[in-house]
Amino acid sequence: MPDTFPEIREAVRRLCAGFPGPYWRELDRERAYPTAFVQALTEAGFLSVLIPEEYGGSGLGLGAATAVLEEIHRSGCNGAACHAQMYTMGTVLRHGTPEQKQAYLPKIASGELRLQAFGVTEPDAGTDTTRITTFARREGDRYVVSGRKLWISRAEHSDLMVLLCRTTPRDQAAKPSDGMSVLLVDMRRAVGNGLTIRPVRTMLNHATTELFFEDLEVPAENLIGREGAGFRHILDGMNAERILIAAECIGDAKFFIDRASAYAKEREVFGRPIGENQGVQFPIARAYVQMTAASLMVDKAAALFEAGQPCGTEANMAKLMASEASWYAADMCVQTHGGFGFAEEYDIERKFRETRLYQVAPISTNLILSHVATHVLDLPKSF
C-alpha cells in the first residue's frame, strides 16, 4: 500500500536523521525540551502545514499533518514536543475571528510564536470535561480567570495557550456541555501575573505541568468563537488531536516493527536467525496486520475531518486502534530483543514508554468504548 504524501515523508525523514537516538536519550535523561528539533521542524514549515497560505502556512489538509507526525515517530523521534501546534489549529481556524487569525497565525507559521498548550483537563474532572471548574468572570473588556489545570503539556515552552473554562456555572447552564468558553491566553504576559506553572515529573519526557490561575486577566477580544459554546468549539481541536496522535501511534508501530524485523533477521541463537522461528515471526506479522488496519482507520478519519464532515466516532476509533496497535508492537519488539530491548542505546525502552501514554491520553480507551457503545450502538449510557 503506497504511502500518501511521499515527498513530505522523505523530507521529514531527512530532517529526523539529524536528530538520532543519542540526541533523544540525552534529553530523556535530563527531562529537557527538544528545542533544536522543534526549531528545525518550524523552519522547514512542517508545523504550519494546516495554516492557510494567506497566513504564511502551507494550506494543506489533516492528511498531510498525519504524514508528518507518522514519519517523525517512525524515525525514532517524538512529535509530542510540538504536535499541539497542529491540532489546536482546528479550533482557531474554524472559530477564530479574522482579526485573531491575522494577529497570530502568521507569527505562528514563522515560528515567532508557539501555540503548544491546550488547557482543558483538571484534577477533579479528568475526562468528564463538563465538570471543569476553572472560571472566567467577565468584567468589562476583560475576563478574570481563576482555577486549576493538570496534565497540561508544553506550557513552559509555549507563548500561547488555548484555554477552556466556564463562563456560566454548570448548574446554571441549560445542559452540562453549555456555559464553557475558549480563551486564547498569552503565556508570556500571564506567567507571574495570575498564572503559575508547576512541572510534573512523569515516566516519560513529556514536559507535563500543572497550572494555577489566580485572577488572571485576559482581554475579552481573546475569546475564540461564541461565549458559552466553547465545548463545541474545542471538539474540532479534539478530533484533530485524536487523529494526529493516532498517526503518531502508527509511526511508533512502524518503528517497532522495523526494529524487530531487522533484529530477528540478524540475531542468531542455536546456530540460526531467531526470525526463522514462528514464535518470533508470528508476533511481528500480527503487529504489521494490526498497524495496517489501524492506518486505514486513521486515513478515513482524516478524510472526513478535511471534508468538514462529522468525524467524532471515526477519530475516536482511529485513536483506539492505533494506540493498541502501537502498544502491541512495542511489547513485541521488547520481547524480540530480549534483554537488549531494555538497554537505553537501542531506543526501544524509550519509545516503549512514550507510546504507552496513548492508551490513556488524550482520551482513555474506556471512554472511547463508551462513546461507541452509546453513540453508535445505542446502548444505555453507563454514567
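Here is a short chat about the cores and helices of this predicted model.

Modeller: Residues are numbered from 1 along each chain as its sequence is written, and side-chain values use heavy atoms, without hydrogens and water. As the model is predicted, local features need pLDDT of at least 70 and side-chain atom pairs pLDDT 80 or more, while totals for chains, interfaces and linings use all residues.

Colleague: Which helix gives the largest share of the largest nonpolar core?

Modeller: A nonpolar core joins buried (under 20% relative accessible area, 1.4 Å probe, protein chains only) Ala, Val, Leu, Ile, Met, Phe, Trp, Tyr and Cys residues through side-chain atoms within 4.5 Å. The largest has 91 residues, and Phe37, Leu62, Ile72, Met86 and Ile108 touch the most other members. With helices taken as DSSP runs (H or I, at least four residues), numbered from the N terminus, the largest share is 18 residues, from helix 9.

Colleague: How many residues are in the second, separate core?

Modeller: Its members include Ala117, Ala136, Ile152 and Ala220. The count for this core is 20 residues.

Colleague: At what angle do helix 4 and helix 10 pack?

Modeller: Leu62, Gly63, Ala64 and Thr66 of helix 4 are in contact (heavy atoms within 4.5 Å) with Ala302, Phe305 and Glu306 of helix 10. Axes are lines fitted to C-alpha atoms over the stretch in contact, with angles from 0 to 180 degrees between N-to-C directions. The axes lie 8 Å apart, at an angle of about 140°.

Colleague: Which residue with a positive phi follows helix 13?

Modeller: Helix 13 covers residues 365-376, and its buried residues include His371 and Val372. After this helix, a phi near 60° belongs to Asp378.

Definitions and conventions:
Buried means under 20% relative accessible area, exposed over 50%, partly exposed in between (1.4 Å probe, protein chains only). Helices (H or I, at least four residues) and strands (E, at least two) are DSSP runs, numbered from the N terminus. The expected span of a helix is 1.5 Å times one less than its number of residues.
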